[in-house]
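Student: I am new to this structure and should like to understand the terms used to describe it. May I ask for the reasoning behind each of them?

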Amino acid sequence: MSEKVESTGMDLLKEIANVSGKGGLFRILKPSRAGVIVESLDEKREKTLIGPTARVSVLKDVSIFTDGEEESVPLADVFLKIHEAHGEEVTLQPKTASDKELIEFLDKILPEFDRSKVYVSDIKKIITWYNLLSKYTPELFVAAPEEAEAEEAPEVVAEQVAETPEKEKKSKK
């Protein structure tokens, strides 16, 4: 197996961050002496230097509190469930939706979410982030090549097994 591992699917969330005090999401480009250089995840693609004192949350490390056996569910899993239920865009508008509508939305996606720890503002962020990611990084929702190969592998193995006896018969003659 090669040493170079490509970022595919939800692994790309390790390159996407939320910066406290700044709207939207950012792609982490590279660290610098004075902080980290990021690019906005929108049409403008503005590059900005985020200082070392800024609160930067990498989406790969974010999770949603739950009441179930597990204390939390990774945000990546929540995004995949939203993608299955809503496709490329959540039509519910976080700014105009009522608190009840937002809670019902997350309840359909993640029924076991902890209602005392997950606030309406968090649900608004989830919807906003999902729509941004779906629009500007659709590759997040594409299956990783390993998964695609795993699905095809049984057929390929079956074909190879079927061919093997004929080759052996020919080589014995």
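Student: Why does Arg27 count as buried?

Tutor: Arg27 has a relative accessibility of 16%. Buried means under 20% relative accessible area, exposed over 50%, and partly exposed in between, with a 1.4 Å probe and protein chains only. The value for Arg27 is under the cut-off, so Arg27 counts as buried. Please note that this is a predicted model, in which local features need pLDDT of at least 70 and side-chain atom pairs count only at pLDDT 80 or more, while totals for chains, interfaces and linings use all residues. Residues are numbered from 1 along each chain as its sequence is written, and side-chain values use heavy atoms, with hydrogens and water left out.

Student: What makes the contact of Arg27 and Glu15 a salt bridge?

Tutor: A salt bridge is a side-chain nitrogen of Lys or Arg within 4 Å of a carboxyl oxygen of Asp or Glu. From N to O, the side chains of Arg27 and Glu15 are 3.7 Å apart, and the pair therefore meets the rule. Arg27 lies in strand β2 (residues 26–32) and Glu15 in the segment before β1 (16–19), twelve residues apart, so that the pair links distant parts of the chain. Helices (H or I, at least four residues) and strands (E, at least two) are DSSP runs, numbered from the N terminus. By the salt-bridge rule, the count comes to six.

Student: Why is Glu15 called partly exposed?

Tutor: The relative accessible area of Glu15 is 25%. This value falls between the two cut-offs, so Glu15 is partly exposed.

Student: How do you know that Arg45 and Glu39 form a salt bridge, and is each residue buried or partly exposed?

Tutor: Their side chains meet at 4.0 Å, N to O, and the pair is therefore counted as a salt bridge. Glu39, with a relative accessible area of 14%, is buried, whereas Arg45, at 31%, is partly exposed.

Student: What makes Arg115 and Asp107 a salt bridge?

Tutor: The N to O distance between their side chains is 2.4 Å, which is within the limit, so the name applies. Arg115 is partly exposed at 42% relative accessible area, and Asp107 is partly exposed at 29%.

Student: How do you know that β2 and β3 pair?

Tutor: Two strands pair if DSSP finds at least two bridges between them. Six bridges join β2 to strand β3 (residues 35–40), so the condition is met, and the strands run antiparallel. Arg27 stands opposite Glu39 in β3, and Ile28 stands opposite Val38. A hairpin of two residues joins β2 to β3.

Student: What makes β1 and β2, and likewise β3 and β4, pairs of strands?

Tutor: Two bridges join β1 to β2, in the antiparallel sense, and the condition is therefore met. Four bridges join β3 to strand β4 (residues 47–50), also antiparallel, so these strands pair as well. Ile37 has Leu49 in β4 as its bridge partner.

Student: Why are the buried residues of helix α2 said to lie on the same side?

Tutor: In α2 (residues 99–109), Leu102, Phe105, Leu106 and Ile109 are buried. They cover an arc of only 90° around the axis, which puts them on the same side of α2; the arc is that of the directions from the helix axis to the C-beta atoms. Lys100 and Lys108, on the other side, are exposed.
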